[in-house]
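User: I'd like to learn how to read a few features of a model like this one. Could you walk me through them, please?

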Amino acid sequence: MSTSSGEFARPAPFPAISKGLHAFEAALRRAGYTSVAGVDEAGRGACAGPLVVASCVLKPRSARALPGLDDSKRLTAQKREWLEPRIREQSLGWHVVVMPPAEVDAMGVHQANLEGMRRAVAGLAQPPDYVLMDGFDVPGMPSPAQRVVGGDRLVACIAAASVLAKVARDRIMVALDQSRSGYGFAAHKGYCTAAHMSALAQFGPCEHHRYSYAPVAAARR
């Protein structure tokens, strides 16, 4: 049931949820929410490249097909690449949204993140019964929704979304490196490493940088 503002009322927290990456979704299914979407982003802290947000609805019995599923940041690049096609195979639906640097600059990274999460859920072929977001409350979701702090380490569908977003973004950054090889995008993926800051000081920012970020603004000056 929705409220007068268009926001869905949040159900009371589920009491006893056993440990395990798939336990939260299982509890929601037992409560009648058969389609549970997880949402997460990649690239929030980078000063170059897009912000990428993904949503994912896993099949109810996907655990065995996704061994080692975890927060994408805790996985090697090889493991993420191995999991990514299997996540898609074990999904009832998934969607990836790319927010370019200019849009991140115009909206601010937090608002761009929230908007990306809304778009990622709206892009699913079928609206989910429930949405779990990593870390943030997101106004304007089309379904009942709840944030889970540290959700990419606790909830399978959020972890799956984090892998989809991270793999998609890494591929974008590798492709960008071919046109702007001097910045080393393929290596640092746009994050503020020493090598990236050195290249930024030497060449100045390019069209793939986020000009609202302090290191980029300083290099531009």
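User: Which residues does UniProt list for "domain: RNase H type-2"?

Analyst: Happy to help! This is a predicted model. In an unreviewed entry, UniProt lists residues 34–221 under that name. In the model, that span is 44% helix and 18% strand, and its end C-alpha atoms lie 53 Å apart.

User: Thanks! What is the volume of the largest pocket?

Analyst: About 200 Å³. Its lining has 16 residues, and the closest to the pocket centre are Glu41, Ala42, Gly43, Lys73 and Tyr191.

User: Which elements each supply at least two residues of that lining?

Analyst: Strand 1 (36–42) and helix 6 (156–179) do. The largest share, three residues, comes from strand 1. As for chemistry, the lining divides into nine charged, four polar and three nonpolar residues.

User: Now the cysteines. How many disulfides does the structure hold?

Analyst: First the general idea: a disulfide is a covalent bond between the sulfur atoms of two cysteines. Here the structure holds zero of them.

User: Why does Cys192 have no bond to Cys47?

Analyst: The cut-off is a pair of sulfur atoms within 2.5 Å. The sulfur of Cys192 has its closest cysteine sulfur in Cys47, at 3.4 Å, so the two are too far apart for a bond. Cys192 is partly exposed, with a relative accessible area of 39%.

User: And is Cys157 buried or exposed?

Analyst: Cys157 is buried, at 0% relative accessible area. Its sulfur is 7.3 Å from the closest cysteine sulfur, that of Cys56, which is also too far for a bond.

Conventions:
Residues are numbered from 1 along each chain as its sequence is written. This is a predicted model: local features need pLDDT of at least 70, side-chain atom pairs count only at pLDDT 80 or more; totals for chains, interfaces and linings use all residues. Side-chain values use heavy atoms; hydrogens and water are left out. On a 1 Å grid over the protein atoms alone, a cavity is a set of points where a 1.4 Å probe fits but cannot get out, and a pocket is an open set with protein on both sides within 12 Å along at least five of seven lines; lining residues have an atom within 4 Å of a point. Grid points are joined across faces, edges and corners, and a volume is the space filled by probe spheres set on the points. Helices (H or I, at least four residues) and strands (E, at least two) are DSSP runs, numbered from the N terminus. Ala, Val, Leu, Ile, Met, Phe, Trp, Tyr, Cys and Pro count as nonpolar, Asp, Glu, Lys and Arg as charged, and the others, Gly among them, as polar. UniProt positions are given in the numbering used here, feature names are shortened, and annotations may be inferred rather than shown by experiment. Buried means under 20% relative accessible area, exposed over 50%, partly exposed in between (1.4 Å probe, protein chains only).
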